[in-house]
Amino acid sequence: MLRTSKTDYFDIMLLHWQHDDRWVAETKRWQDGIDHFKDRKTIRANGASVHGLPALRQMPGNQWLQVAMIRMNHKGASMDGPSYADNDNPDKVSEVVEHVHQVKKDGMGVISMKLIGDGTFTQHTDRVAAMRFAFQNAGVDCVTVGFKNNQEIDEAIDNLNLALS
């Protein structure tokens, strides 16, 4: 991976798409591999992206994790529910926010994904509200947002500036 990426190290290595309550034990081999490369300083930090409340509930108190990538937005669109496939959960927003606060207390960095509901927030006001909610209410450290054009990039920068002001 280092050769393919033409780099000497990775800032963060995530275990992607952890989606059930067994992921911590089932990925032990991968965690050990990441730890090996952290010892060699070719990986700087490690984490996981979770999908579904059963997986998310394994993050607080997890001593291995340094970074938590969590689906987060103010409407619960494309956000965690009882399973990884259950993606429309406005009634679970408060639980997800509580888990974000817990992992922050544990010292983890939090990356928000699905910030604009996996592209379903077509109203500008929803995209502004989503960014503001993620940073001001949930307290995430950074976000991932997909773009289709330069105008969407400019808007996301403006929304980020509003959320952080």
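Where is Arg 132 placed? I looked it up in the model, which is a predicted one. Arg 132 sits in helix H6.

**Entry 1: Arg 132**

I checked accessibility next. Arg 132 has a relative accessible area of 33% and is partly exposed. I then listed its contacts, leaving out residues up to four places away in sequence. Arg 132 touches Asn 137, Leu 162 and Ala 163. I followed up on Leu 162. Its C-alpha atom is separated from that of Arg 132 by 7.3 Å. Along the chain, Arg 132 and Leu 162 are 30 residues apart.

**Entry 2: Arg 127**

I moved to another arginine. Arg 127 is also found in helix H6, which covers residues 124-138. Is Arg 127 buried or exposed? Its relative accessibility is 16%, so I put Arg 127 down as buried, the cut-off being under 20%. What does its side chain reach? I found the backbone oxygen of Phe 121, at 2.9 Å. Phe 121 also appears in the contact list of Arg 127. The others in that list are Ile 116, Thr 122, Glu 155 and Asn 159, with residues up to four places away in sequence not counted.

**Entry 3: H5 against H6**

I stayed with H6 and looked at its packing with H5. Helix H5 spans residues 93-105. H5 and H6 pack at an angle of about 55°, and their axes are 10 Å apart. That angle makes H5 oblique to H6. Which residues meet? From H5 I noted Val 93, Val 97, Val 100 and His 101. From H6 I noted Phe 133, Asn 137 and Ala 138. I sorted the residues of this contact by type: five are nonpolar, two are polar and none is charged. Asn 137 turns up twice in my notes, since I have it facing H5 and touching Arg 132.

**Entry 4: aromatic pairs**

How many aromatic pairs does a search of the whole structure find? I got one. The partners are Trp 17 and Tyr 84. Their geometry is edge-to-face, with 5.1 Å centre to centre and 80° between the planes. I traced where each partner lies. Trp 17 is in strand E1, residues 10-18. Tyr 84 is in the loop between strand E3 (67-71) and H5. The pair links distant parts of the chain, 67 residues apart. I closed with accessibility. Trp 17 has a relative accessible area of 37% and is partly exposed. Tyr 84 also counts as partly exposed, at 37%.

Note on methods: Residues numbered from 1 in each chain as written. Predicted model: local features only at pLDDT ≥ 70, side-chain atom pairs only at ≥ 80, totals over all residues. Heavy atoms only, no water. Helix = DSSP H or I, 4+ residues; strand = E, 2+ residues; numbered from the N terminus. Buried < 20%, exposed > 50% of the residue type's maximum accessible area, 1.4 Å probe, protein only. Polar contact = N/O pair within 3.5 Å; in protein donor to acceptor, adjacent residues only side chain to side chain. Contact = heavy atoms within 4.5 Å. Axes fitted to C-alpha atoms, helices over the stretch in contact; angles between N-to-C directions. Parallel < 35°, antiparallel > 145°, perpendicular 65-115°, else oblique. Nonpolar A, V, L, I, M, F, W, Y, C, P; charged D, E, K, R; others polar. Phe/Tyr/Trp six-rings, centres within 6.5 Å; stacked < 30°, edge-to-face > 60°.
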